[in-house]
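Open the model in your viewer and keep the selection panel at hand. The stops below say what to select and what is found there.

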Amino acid sequence: MTRTLILTLAAAAALAGCNNKNDHTIVAGADNEQDNHAVPANLVLPPAIEASKAYRCKDNHLIYVDWLADDKSANIRTEKGGSPTSVVAAEAGKPMTNAGGYSLTGSPGASSIALTTPANGAETCKA
């Protein structure tokens, strides 16, 4: 009983020390459109991944390709979970290239691709 009384008095003392003034206001968002800078007007999102495939090349190494939905770009990885190398084509259906010496010809539905890399040169790889 004494313990309950002590706990009650301690709780009352803690609450008595609270600041009960209601002089603060929390505003959830902007009042007008001019203050809303969250979405820029010229925002362009990157294309989604259409398909991810692994290809085995003639020298028995694997290449991983993430085909992007814009049909003009892809990400190439030489190791599963490795850093991607982006390649882009000027038009859909044209070879995808980058300044680093990579070139990729193919599509997500094709059973083989033509790939050129700085490390391995030109080669054909099969899904």
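## Stop 1: a charged pair

Select Asp66, which is buried, with a relative accessible area of 9%. Keep in mind throughout that this is a predicted model. Now add Arg77, whose side chain meets that of Asp66 in a salt bridge, N to O 3.4 Å. Asp66 belongs to strand β2 (residues 62–68) and Arg77 to strand β3 (residues 73–77), so the salt bridge ties together parts that are 11 residues apart in sequence. Side chains of opposite charge can pair when their charged atoms come close. Is Arg77 buried or exposed? Arg77 is buried, at a relative accessible area of 16%, because the limit for that class is under 20%. A search of the whole structure finds 1 salt bridge.

## Stop 2: the loop between β2 and β3

Go next to Asp71, in the loop between β2 and β3. Asp71 is not a glycine, yet it has a positive phi of about 60°. The relative accessible area of Asp71 is 44%, which makes this residue partly exposed.

## Stop 3: the loop between β1 and β2

Select Asn60, which lies in the loop between β1 and β2. Here too phi is positive in a residue other than glycine: for Asn60 the value is near 75°. Asn60 counts as exposed, with 52% relative accessibility.

## Stop 4: the disulfide

Show Cys57 and Cys125 as sticks. A disulfide joins Cys57 to Cys125, with an S to S distance of 1.9 Å. Where in the chain do Cys57 and Cys125 sit? Cys57 is in strand β1 (residues 49–57) and Cys125 in strand β8 (residues 121–126); the pair links distant parts of the chain, 68 residues apart. The torsion about the S-S bond of Cys57 and Cys125 is about 90°, so the disulfide is right-handed. Both ends are buried: Cys57 has a relative accessible area of 5%, and Cys125 has 0% relative accessibility. The structure holds 1 disulfide.

## Stop 5: the nonpolar core

Select Val65, Trp67, Leu104 and Ile113. These are the residues with the most contacts inside the largest nonpolar core, which has 15 residues. Strands β1, β2, β3 and β7 (112–117) each supply at least two residues of this core. Which strand gives the largest share of the core? That strand is β2, with 3 residues.

Keep Ile113 selected and display its surroundings. Which residues is Ile113 in contact with, leaving aside its neighbours within four places in sequence? Among them are Val65, Trp67 and Leu104, which are also named above for their contacts inside the core. Ile113 is in contact with Tyr55, Thr105 and Gly106 as well. Glu123, Thr124 and Cys125 complete the list for Ile113; Cys125 brings you back to the disulfide with Cys57.

## Stop 6: Gly121

End at Gly121, in strand β8, the strand that also holds Cys125. Gly121 is partly exposed, with a relative accessible area of 25%. Not counting residues up to four places away in sequence, Gly121 touches Leu115 and Thr116. As a last step, draw a distance from the C-alpha atom of Gly121 to that of Tyr102: the two atoms are separated by 8.9 Å, and the residues are 19 residues apart along the chain.

Definitions and conventions: Residues are numbered from 1 along each chain as its sequence is written. This is a predicted model: local features need pLDDT of at least 70, side-chain atom pairs count only at pLDDT 80 or more; totals for chains, interfaces and linings use all residues. Side-chain values use heavy atoms; hydrogens and water are left out. A disulfide is a pair of cysteine sulfur atoms within 2.5 Å. Helices (H or I, at least four residues) and strands (E, at least two) are DSSP runs, numbered from the N terminus. Buried means under 20% relative accessible area, exposed over 50%, partly exposed in between (1.4 Å probe, protein chains only). A salt bridge is a side-chain nitrogen of Lys or Arg within 4 Å of a carboxyl oxygen of Asp or Glu. Contact means heavy atoms within 4.5 Å. A nonpolar core is a set of buried Ala, Val, Leu, Ile, Met, Phe, Trp, Tyr and Cys residues joined through side-chain atoms within 4.5 Å.
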